[in-house]
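Student: I would like to take a close look at one part of this structure, namely its sheet. Could you guide me through the way the strands are arranged?

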Amino acid sequence: MALNVTVLTIFPEVFPGFLGTSLTGRALEKGTWSIKTVNIRDYAFDKHGSVDDTPCGGGAGMIMRPDVLGEAIEHNHKKGKIIYMSPKGKPLNQAKVHELSKEENLTILCGRFEGIDERVIEEYEIEEISIGDYILTGGEQAAMILIDAVVRLLDGVLGNSDSIKNESFENKLLEYPQYTRPIEWKGRTVPEILLSGHHENISKWQHEQALKITKERRPDLLKEKSS
């Protein structure tokens, strides 16, 4: 089953961007996923392609109009989830990425200016997702990050699907330290346990290291794990 992504944006030219390279790019060429970009300005009602207006009640900035967005959505969204990349949304995490990777169709709305009219979110039951507690100039960058995270979980995208199992956030733990050759570099050596060939002891060491790092850097993940 291929994943079909539709992106609603006022900057369609930025896609696929980095999504057209490396693993996601190869998967795009193979048809594992597809991307369709829609220019929201094509659904404006004036010759200038206006998509925004001043906020009701006053305030700084401009708000994307519900009538224009509604036209763009209704002409291009057929089925599946609609996601709006928004700092007000629930934080994107690996559990949500896994959930979205099981979808066949995703429509992603990229906001600009001060955001979009709230009635659009209500009318189309749009799910708001945030990639972090900071503000970007627009939703395009956030959309690419979400798409990248989802596509890499699709069957056949990663060369070794087992590599996903021990990645950070998969088990509410950050990943353990990784090493490769040369065995000694600038006076630093690879931990002897990793050279022992004793898989059970190596596995135990890796888990202990993952637990230690998580306690130090993201103790909140351990609270989630125990709840």
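To begin, how many bridges join strand β1 to strand β6, and do the two run parallel or antiparallel?

Tutor: In this predicted model, strand β1, residues 3-9, and strand β6, residues 105-110, are joined by 5 bridges and run parallel. One residue pair shows this link: Thr 6 has Thr 107 of β6 as its bridge partner. Helix α2, made of residues 66-76, packs on the sheet and touches β1, β2, β5 and β6. The direction of helix α2 makes about 160° with that of β1.

Next, consider β6 and β5. These strands also run parallel, and 5 bridges join them. Here Thr 107 of β6 appears again, as the bridge partner of Ile 82. Between β5 and β6 in the unit they form lies helix α3, residues 94-101, and the β-α-β unit made by these three elements is right-handed.

From β5, one can pass on to β7. The two strands run parallel and are joined by 5 bridges; among the paired residues, Tyr 84 has Glu 128 of β7 as its partner.

The whole arrangement can now be put together. The sheet is open and is formed by 5 strands in the order β2-β1-β6-β5-β7, with parallel pairing. Strands β2 (33-39) and β7 (127-130) stand at the edges; each has a single partner strand, and therefore one side of each is left without a neighbour in the sheet. From one strand to the next, the twist averages 35°.

Technical notes: Residues numbered from 1 in each chain as written. Predicted model: local features only at pLDDT ≥ 70, side-chain atom pairs only at ≥ 80, totals over all residues. Heavy atoms only, no water. Pairing = 2+ DSSP bridges. Helix = DSSP H or I, 4+ residues; strand = E, 2+ residues; numbered from the N terminus. Axes fitted to C-alpha atoms, helices over the stretch in contact; angles between N-to-C directions. Contact = heavy atoms within 4.5 Å. Right-handed = clockwise from strand over helix to strand, strands pointing away.
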